[in-house]
Amino acid sequence: MITEPFDAVDVIRTKRDRLELSAGQIDWVIDAYTRGVVAEEQMSALAMAIFLNGMHRSEIQRWTQAMIQSGERLDYTSLGIPTADKHSTGGVGDKITLPLAPLVAAFGVAVPQLSGRGLGHTGGTLDKMEAIPGWRAALSNEEVRAQLASVGAVVCAAGPGLAPADKKLYALRDVTSTVDCIPLIASSIMSKKIAEGTGALVLDVKVGSGAFMKKLDQARELARTMVDLGTDAGVTTVALVTDMATPLGLTAGNGLEVRESVEVLAGGGPADVVDLTVALATEMLAAAGRPAGADDVRAALADGRAMDKWRAMISAQGGDPDAPLPVARATEQILAPADGVLGRLDAYGVGVAAWRLGAGRARKEDPVQLAAGIELHAKPGDPVTAGQPLMTLHTDTPERFPRAYEALDGAWELAAPGTVVTRGPVVIDRII
Ligand code: URA
């Protein structure tokens, strides 16, 4: 029989009473929870105590390390090429990983992008990539390594061996209202990113209605906490705080976002998607020790270098880069009721509507519709004329339209003709 060195009740009481958890307590509670010795109800109580009373920097760092140690830690240094990854805290229309990974790889920096699926109103990279016929998300560690060496970019599912304590804890937080807590979010994200073995990491911390963090000071605090965790673990880490008040680009939904990403890789696409892709790629290249100017990076989108990498990356995972993307069975449009200027378009409303059309899931095991989502025909500040389509709603199940319209009710506003709508920059802050 194993004699446990700590007691879960004492650990919970320590945090409940606003005291600092010791390194020994943290190491034990994460390990014992992973082994099933600390019960779900005990971890729920501890997560709520952390939610209410917070954690000091040293506690967050130890908690993150303990979650990394619950599983395997990958290492690509033997490949002899620099590696860089990007993590976004999630938003509406955030398809940036798709053009970004091949773009960075085109500069000789390998991108091991272990990604997740969408939950709630924010989309997930794997769901988007699965809109490409034949594409396979599940790769073994050996396949990831081989593809990094041959192509230089991999987008795939994180294997079960990576931070298993976080997998269990994240599922528990989801059902105990303890997700939106900076120490727990930061340690959850960073344990997976550090365990994945990247040498450099650029964080895209979203702020606004469509993001986890609704306020700028919260987003800055999350960014600061994650940058400190990465730096303490020896990973060169930088964060950009970016706008998620309005959707990114002109599409939200899996197949629709792949189409837009391919437009960006072909040298076109919406300006905000291109600008953010270039900004993040420039940061990743600098953090990986291969700096390139933003103009050079932009040129690699225009001249096909990034597209070549994309095609190689898709083919290596069984996908057909030339296959037609799925098309929804039904579409409906929202038309401008009068001449004017689109004054506001709320990311959260659009995200929820896309989700309700079938692009997202309510429970982890739910399937998603690959063709469902929303296509935007105007962004805030664009002039529109009466009768012009503002958005097209796509779904395979038209009975979903009414609930999507409910989500969009009040999510957009038409201003008088000639109104000047000021749109702030996509990148709001940079934290190192
Ligand atoms: N994404 C994660 O991986 N973990 C969190 O806690 C929140 C978002």
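Helix H9 is largely enclosed by the rest of the structure, because 13 of its 14 residues are buried. The model described here is a predicted one. From its first C-alpha to its last, H9 reaches 20 Å, close to the 20 Å expected at 1.5 Å a residue. After the helix comes Gly-197, whose phi is positive, near 90°.

**The sheet beside H9**

A sheet of four strands is found in this protein. It is open, its strands follow the order E1-E4-E5-E13, and the pairing is mixed. Strand E1 (84-88) and strand E13 (427-431) stand at the edges with a single partner strand each, so one side of each has no neighbour in the sheet. On average, neighbouring strands of this sheet are turned by 20° against each other, direction ignored. Helix H9, residues 182-195, packs on the sheet and touches E1, E4 and E5. The direction of H9 makes about 160° with that of E1.

In what sense do strands E4 and E5 pair? Strand E4, residues 200-207, and strand E5, residues 236-243, pair in the parallel sense, over eight bridges. Within this pairing, Leu-203 stands opposite Ala-239 in E5, and Val-207 has Asp-243 in E5 as its bridge partner. Strand E5 is mostly covered, with six of its eight residues buried.

**Salt bridges**

Side chains of opposite charge can pair when their charged atoms come close. The structure holds 30 salt bridges. The table lists some of them.

| Pair | Closest N to O distance |
|---|---|
| Asp-31 and Arg-35 | 3.0 Å |
| Arg-430 and Glu-283 | 2.6 Å |
| Arg-311 and Asp-322 | 2.9 Å |

Consider the pair Asp-31 and Arg-35 to begin with. Both residues are in helix H2 (residues 23-35); because they are four residues apart there, they are separated by about one helical turn. Asp-31 is partly exposed, with a relative accessible area of 39%, and Arg-35 is also partly exposed, at 38% relative accessibility.

The next pair involves an edge strand of the sheet. Which parts of the chain does the salt bridge between Arg-430 and Glu-283 tie together? Arg-430 lies in strand E13 and Glu-283 in helix H12 (residues 271-287), so the pair ties together parts that are 147 residues apart in sequence. Are the two partners buried or exposed? Arg-430 counts as partly exposed, at 45% relative accessibility, whereas Glu-283 counts as buried, at 12%. The cut-off for buried is under 20% relative accessible area.

The pair Arg-311 and Asp-322 forms a salt bridge as well. This pair links distant parts of the chain, 11 residues apart: Arg-311 is in helix H14 (residues 305-316), and Asp-322 is in the loop between H14 and strand E7 (330-335). Arg-311 counts as partly exposed, at 32% relative accessibility. Asp-322 is exposed, with a relative accessible area of 56%, and the cut-off for exposed is over 50%.

Salt bridges can also join into a network. Arg-57, Arg-224, Asp-228 and Asp-232 are linked in this way.

**Helix H10 and Arg-430**

Helix H10 spans residues 216-232 and includes Thr-231. Thr-231 is partly exposed, with a relative accessible area of 46%. How far apart in space are Thr-231 and Arg-430? The distance is 15 Å, C-alpha to C-alpha, while the two residues are 199 residues apart in sequence.

**The protein as a whole**

The protein has 16 helices and 13 strands. Of its 432 residues, 53% are buried. Its C-alpha atoms fill a box of roughly 75 × 45 × 35 Å, taken along the principal axes. For 432 residues, a compact globule would have a radius of gyration near 22 Å; the protein has 22 Å, which agrees.

The contacts can be sorted by separation along the chain. Among contacts between residues at least 6 apart in sequence, 78% join residues at least 24 apart.

Note on methods
Residues are numbered from 1 along each chain as its sequence is written. This is a predicted model: local features need pLDDT of at least 70, side-chain atom pairs count only at pLDDT 80 or more; totals for chains, interfaces and linings use all residues. Side-chain values use heavy atoms; hydrogens and water are left out. Two strands pair if DSSP finds at least two bridges between them. Helices (H or I, at least four residues) and strands (E, at least two) are DSSP runs, numbered from the N terminus. Axes are lines fitted to C-alpha atoms, for helices over the stretch in contact, and angles run from 0 to 180 degrees between N-to-C directions. Contact means heavy atoms within 4.5 Å. A salt bridge is a side-chain nitrogen of Lys or Arg within 4 Å of a carboxyl oxygen of Asp or Glu. Buried means under 20% relative accessible area, exposed over 50%, partly exposed in between (1.4 Å probe, protein chains only). The expected span of a helix is 1.5 Å times one less than its number of residues. The radius of gyration is taken over C-alpha atoms; the globule rule is 2.2 Å times the number of residues to the power 0.38.
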